[in-house]
Amino acid sequence: MTELNRRKMLIVSGGATLLGAMGMAQPAWAWSPSGSVAGAGAGTDPKWVWDAEADPVVAAMLDRGQVAAVNQALRTWTRNDQPTPSGLPPDLREFVEHARRLPPWADQSKLDAAADFMKVSGRFVNLLNGLGGGMLSTAIPNEARAVYYSKGGADMKDRVAKTAKLGYDVGSLNAYRPDGQMIVSAVKTRLVHAAVRHLLPQSPHWQQGIPISQNDMLVTWHTLPTYTMRKLTDWRVRVSSAHSAGYLHSWQVTGHMLGIRDEYLPSTWDAAHAQSKQVLDPAMGPTREGVELTDILLDMLAEQTSPGRVDRPMVNALARHIIGDRFSEWNGIPREPIWDPLIGTAFPALVAFHEKLIPLPLVPQAAWVLDEAIRQYIRLWLSEGRPVNIEIPDMNRPS
């Protein structure tokens, strides 16, 4: 066993005790639905709520052996304004027709403000949603194991491309407009989640009951907009009140379209931060699967950002800088004695330069290597220059 593997095993075994203690200390559900976009609700613990609309329809489709035909039909549906594809089973077609409708509280002016925000700060938002959110997700035991043991875990490049498509579509300038693709991507992802809920409990490697509860989806939701807004504040990225409200609204709509109940979606940033403390913080910890997935993801990122010029140590240092030492240790991301201090100096200077807080002569040379890596990441990692189809799985991870 190599020293690195020994270290990773120590991280996981040592974290298991911590995780057990955290689980025992988890408070009962106490977040009030009065702080949600619905303004009211039953207050049911989301750990015991799944997707009552999608789950039975997708389970029946899987049991009928119709996945291949359904995926073939759904490949033709790529834009929000296209009709629901013909050839779907009647019950699935009825569900899709219902699920593709925006909530009545969706506000196009706020969605337009979110698009404008991406024009101004998309570089850092995409970095936080992609690299930051991705690294946090592998430090969530339920999510890491669900990804690892489902079909997508066997081909992480394909799995990441599909996840990245969702992130790219929600951040696009026309996300929810007729010529956009976010409605399509959200509905397809909702179908994927329903399939995983049906399939994963059949895996001998999965012992956690029914996966992807409403609580699990909220945990993931907070690794994206809530975490991103917190980090932007920490980095002193200026965000106007209109952009802040628009960005939150875009993710409220996205949460609804993914099947999160309105009574669980925070109505304000204050409500989001309060909910995040209850659902995200105690859900995080180390796992062997999370360490392995992190290693794969960072290898892919090192390959994508600048093939042949930027090596893995720089990517490790960037990841550590973004998510911090605790989550990095849980994910088995090694310290880099050369790159860690360079990124620690260069990244804040790069942010300050883009925010026009410091002049060009004060930006260190290492910042431009980092800036190019981020640019390549956004260009290649989020699009990969090829069409990506979000497809319903028909099996768990083959092994």
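Which residues is Leu-298 in contact with, leaving aside its neighbours within four places in sequence? I looked this up before anything else.

**Entry: Leu-298**

I found Leu-131, Met-135, Arg-312, Val-315, Asn-316, Ala-319 and Ile-333 in contact with Leu-298, leaving aside its neighbours within four places in sequence. Contact means heavy atoms within 4.5 Å. I am reading a predicted model, where local features need pLDDT of at least 70, side-chain atom pairs count only at pLDDT 80 or more, and totals for chains, interfaces and linings use all residues. Residues are numbered from 1 along each chain as its sequence is written, and side-chain values use heavy atoms, with hydrogens and water left out.

Leu-298 sits in helix α12, residues 288-305. Helices (H or I, at least four residues) and strands (E, at least two) are DSSP runs, numbered from the N terminus. Leu-298 counts as buried because its relative accessibility is 0%. Buried means under 20% relative accessible area, exposed over 50%, and partly exposed in between (1.4 Å probe, protein chains only). I also checked Ala-319: its C-alpha is 8.4 Å from that of Leu-298, and the two are 21 residues apart in sequence.

**Entry: the whole chain**

I counted helices and strands next. The protein chain has 16 helices and zero strands. Of its 399 residues, 54% count as buried. I then took the contacts with a separation of 6 or more, and 76% of them join residues 24 or more positions apart.

**Entry: the nonpolar core**

A nonpolar core is a set of buried Ala, Val, Leu, Ile, Met, Phe, Trp, Tyr and Cys residues joined through side-chain atoms within 4.5 Å. The largest one has 109 residues, and Leu-92, Ile-322 and Phe-347 touch the most other members. Helix α8 (residues 182-199) gives the most to this core, eleven residues. In soluble globular proteins, nonpolar side chains tend to be buried together. I followed Leu-92 further. Leaving aside neighbours within four places in sequence, Leu-92 is in contact with Val-57, Met-61, Val-70 and Leu-191.

**Entry: helix α10**

How far apart are the end C-alpha atoms of helix α10? They are 24 Å apart, in agreement with the 24 Å expected for the 17 residues 241-257 at 1.5 Å a residue. The expected span is 1.5 Å times one less than the number of residues. Of these 17 residues, 13 are buried, so α10 is largely enclosed by the rest of the structure. Gly-259 follows α10 and has a positive phi, near 105°.

I looked for a partner of α10 and picked Ala-113, in helix α5. Ala-113 is buried, with a relative accessible area of 14%. Its C-alpha lies 5.0 Å from that of Gly-246, though 133 residues separate the two in sequence. Beyond its neighbours within four places in sequence, Ala-113 is in contact with Ala-242, His-243 and Gly-246.

**Entry: cavities and a pocket**

On a 1 Å grid over the protein atoms alone, a cavity is a set of points where a 1.4 Å probe fits but cannot get out; a pocket is an open set with protein on both sides within 12 Å along at least five of seven lines; lining residues have an atom within 4 Å of a point. Grid points are joined across faces, edges and corners, and a volume is the space filled by probe spheres set on the points.

I searched the whole structure and found two cavities of 30 Å³ or more. The largest cavity holds about 160 Å³. Among its 20 lining residues, Ala-114, Val-170, Ser-172, Ala-175 and Ser-250 lie nearest the centre. Helix α5 (108-137) supplies eight residues, the largest share of this lining.

The second largest pocket holds about 290 Å³. It has 19 lining residues, with Glu-53, His-98, Arg-190, His-256 and Gly-259 nearest its centre. Two elements give two or more residues to this lining: α4 (90-99) and α10.

**Entry: positive phi**

Most residues other than glycine have a negative phi, and most peptide bonds are trans. I noted Arg-236, whose phi is positive at about 65° although it is not a glycine. Arg-236 lies in the loop between α9 (214-234) and α10, and is exposed at 58% relative accessibility. Lys-356 also has a positive phi, near 60°. Lys-356 is in the loop between α15 (339-354) and α16 (365-381), and is exposed, with a relative accessible area of 72%.
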